[in-house]
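Got a few minutes to poke at a fold together? Have a look at the chain below, then we'll go through it by question and answer.

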Amino acid sequence: MAGQGAGRVLGVNLRARRDEQGISLSELARRSGIAKGTLSQLESGAGNPTIETVFSLSNALGVPVSALLNEPPASDLVLVRSADVEALSGAAVDLRMLRRLESPGSLFEVYDQRIRPGEVQHSSGHPGTEHHVILTGRVRITARDRSQELGPGDYLAFRANGPHEYEALDGEVRSVLLLEYPPDTMPVVLETLHAD
């Protein structure tokens, strides 16, 4: 998202996805649980979207998060510096989408993830499987009614369609989050990607 703010990119993509699906702002508000006025602000590029807002929109539109946050690459060589990408923040997590990887039948999103201490990040669930590789710090991830404590070098994967949460245990946690979307998400995604 370097070159444009996250809010601006979200606004352009949100409007495009909504137009492609032929749904009104009121219908998107109903599906996502986000006020119509807030959606209007987001589409105009105003506001500061949270993780929860973007995932709610992703679920409501049936598209991956990257369909809302990604600018298409300008060349075959893609360099993304995390410091140049605006963070999407929640109660305890800052996510920076580094890359969307697409091949026939699969779609992945790669995130630089930071988990801040002192709060718990709750997610009500979303499509896909989350793959976590912990780089620094210790984290407790609760998913599928089980809690796992992870440290540097540890890996955890789980289907993310149910409630899950993250909690840093002793200081900030740095990790890589790879979000893998299920094949049944792909037809919608591929149609929206190539509609331009």
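What follows is a short round of questions on salt bridges, strands and surface in this predicted model.

Q: How many salt bridges does the structure hold?
A: The count goes by side-chain nitrogens of Lys or Arg within 4 Å of a carboxyl oxygen of Asp or Glu. One of the pairs is Arg-140 with Glu-149, where the closest N and O atoms are 3.1 Å apart. For the structure, the total comes to twelve.

Q: Is Asp-112 buried or exposed?
A: Asp-112 has charged company: Arg-114 forms a salt bridge with it at 3.6 Å, and Arg-174 meets it in another at 3.4 Å, N to O. Arg-114 is partly exposed at 22% relative accessible area, and Arg-174 is partly exposed too, at 26%. The cut-off for buried is under 20%. Asp-112 sits at 6%, so it counts as buried.

Q: How many residues apart in sequence are the parts tied together by Arg-174 and Asp-112?
A: The side chains of these two residues meet in a salt bridge. Arg-174 lies in strand S10 (residues 173–181), while Asp-112 belongs to strand S3 (residues 106–115). The pair therefore links parts of the chain whose separation in sequence is 62 residues.

Q: Which face of S10 holds Arg-174, the covered or the uncovered one?
A: In a regular strand, side chains alternate between the two faces of the sheet. In S10, Val-173, Ser-175, Leu-177, Leu-179 and Tyr-181 make up the covered face. Arg-174 goes with Val-176, Leu-178 and Glu-180, on the face that is uncovered.

Q: Which residue of S10 is the bridge partner of Ile-115?
A: S3 and S10 run antiparallel and are joined by nine bridges. S10 also pairs antiparallel with strand S5 (residues 129–136), through seven bridges, and there His-131 stands opposite Leu-178. For Ile-115, the partner in S10 is Val-173.

Q: Which strands stand at the edges of the open four-stranded sheet?
A: The strand order is S4-S9-S6-S7, with antiparallel pairing. An edge strand here has a single partner, so one side of it is left without a neighbour in the sheet. That description fits strand S4 (121–123) and strand S7 (146–150).

Q: By what angle are neighbouring strands of this open sheet turned against each other on average?
A: Take the sheet with the order S4-S9-S6-S7. Averaged over its neighbouring strands, with direction ignored, the turn is 15°.

Q: What is the bridge partner of Val-139 in S9?
A: Strand S6 (residues 139–143) and strand S9 (residues 164–168) are antiparallel, with five bridges between them. Following the bridge from Val-139 across to S9 takes you to Ala-168.

Q: What accessible area do Val-133, Leu-135, Tyr-155 and Val-176 have together?
A: These four form a nonpolar patch on the surface. Patch members need over 30% relative accessible area, and Leu-135, placed in strand S5, has 45%, so it is partly exposed. Together the four come to about 330 Å².

Q: Which residues are linked with Arg-15 in a network of salt bridges?
A: Some contacts are plain pairs to look up, such as Arg-140 with Glu-149, where the relative accessible areas are 27% for Arg-140 and 44% for Glu-149. Arg-15 belongs to a network instead. Linked with it there are Arg-18, Asp-19 and Glu-43.

Conventions:
Residues are numbered from 1 along each chain as its sequence is written. This is a predicted model: local features need pLDDT of at least 70, side-chain atom pairs count only at pLDDT 80 or more; totals for chains, interfaces and linings use all residues. Side-chain values use heavy atoms; hydrogens and water are left out. Buried means under 20% relative accessible area, exposed over 50%, partly exposed in between (1.4 Å probe, protein chains only). Helices (H or I, at least four residues) and strands (E, at least two) are DSSP runs, numbered from the N terminus. Two strands pair if DSSP finds at least two bridges between them. Axes are lines fitted to C-alpha atoms, for helices over the stretch in contact, and angles run from 0 to 180 degrees between N-to-C directions. Patches are made of residues with over 30% relative accessible area and no salt bridge: like charges are joined within 9 Å, nonpolar side chains (Val, Leu, Ile, Met, Phe, Trp, Tyr) within 5 Å. Accessible areas come from the Shrake-Rupley method with a 1.4 Å probe; for residues, only the protein chains shown count as cover.
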